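User: Please take a close look at the ligand site in this model. I would like to know what surrounds the ligand and how that part fits into the rest of the chain.

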Amino acid sequence: MKVLAFGSEAVIYEKEGIIIKRRIKKGYRIKEIDERLRKTRSKAEFNVMRFLYENSLNVPKPLKYIEDKKEIWMEKIDGKRLAESFSLEDAKEVGIMAAEMHNLGVIHGDLTTANMIKAGKRIYLIDFGLSYHSSKDEDIAIDIFLFKNALKSKHNDVYKEAYSAFLGAYKSKIRKEFKGIDTHLKDIEERRRYNESY
Ligand SMILES: Nc1ncnc2c1ncn2[C@@H]1O[C@H](COP(=O)(O)OP(=O)(O)O)[C@@H](O)[C@H]1O
Ligand SMILES: [Mg+2]
């Protein structure tokens, strides 16, 4: 097995075209609590992936979940992380995907180009470690805000056009009325500005 990535919560291995995401021990937590947390979070992540995959969202095919090892086995997506290969054309695709995910009642929780992989013309969404089920406008707005911020900090050269392309595509696909989401989005931005000036 080859180690592909070493994050703060998980190690990613690759084995013959399969990705294994194992949630690692956190020494600062009491052992029993750590065990339980890793199990429930890892299982929740697997379940969200399966739900989205079954509903035709572009996510790696979840293969199996091994509870005692806290491992998620999934299809490997052969491609490049969007963080390293982002272009303006991708923004529209991400907008469509985010709206479809929100239409299914899922909040990603860490919507950045580091959690997207481009393979050919398709973009895949990965890393559902912070995902949860919600259709609330304010939760949806947080996802959009996170993505906007990721564009601003990681892809600043195309940020404005990219965000506008993302939003245009998003609005064309989202089934909820965007006005409600937008109110929360403006609210989050307002609070952010206020906090930053102090
Ligand atoms: N299904 C996959 N196919 C290809 N690469 C993957 C896959 N899942 C994860 N990776 C790689 O591993 C990295 C970390 O995975 P991720 O699920 O984002 O974990 P973390 O929670 O540590 O951020 C990703 O940025 C990506 O490069
Ligand atoms: Mg990640």
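Analyst: The ligand site comes next, followed by the domains and the core.

This is a predicted model: local features need pLDDT of at least 70, side-chain atom pairs count only at pLDDT 80 or more, and totals for chains, interfaces and linings use all residues. Residues are numbered from 1 along each chain as its sequence is written, while chains are lettered from A and ligands numbered from 1 in the order in which they are written.

Start with the shell. There are 19 residues around ligand 1; a residue is near a molecule if its C-beta atom, placed from the backbone, lies within 6 Å of it. Ala5, Gly7, Pro60, Ile77 and Asp127 come nearest. Strand 1 (2–6), strand 2 (10–15) and strand 3 (18–23) each give two or more residues to this shell. Strands are DSSP runs of E, at least two residues, and helices are runs of H or I, at least four, numbered from the N terminus. By type, the shell around ligand 1 holds eleven nonpolar, three polar and five charged residues. Here Ala, Val, Leu, Ile, Met, Phe, Trp, Tyr, Cys and Pro count as nonpolar, Asp, Glu, Lys and Arg as charged, and the others, Gly among them, as polar.

Now the domains. The protein chain is divided into domain 1 (2–75) and domain 2 (80–196), with bounds from an automatic or database domain assignment. Both domains give residues to the shell, so ligand 1 lies between them. The domain centres, taken over C-alpha atoms, are separated by 23 Å. Eleven residues of domain 1 are in contact with 13 residues of domain 2; contact means C-beta atoms, placed from the backbone, within 7 Å. The side of domain 1 that touches domain 2 has six nonpolar, two polar and three charged residues.

The domains also share a core. The largest nonpolar core has 39 residues. Such a core is a set of buried Ala, Val, Leu, Ile, Met, Phe, Trp, Tyr and Cys residues joined through C-beta atoms within 7 Å. Buried means 20 or more other C-beta atoms within 10 Å of a residue's own, exposed 12 or fewer, partly exposed in between; C-beta atoms are placed from the backbone. Domain 1 and domain 2 each supply at least three residues to this core. Met49, Val94, Ala98, Met116, Phe147 and Phe166 have the most contacts inside it. Phe147 touches Ala98, Leu111, Thr112 and Phe166, leaving aside residues up to four places away in sequence.

Terms used:
Contact = placed C-beta atoms within 7 Å.
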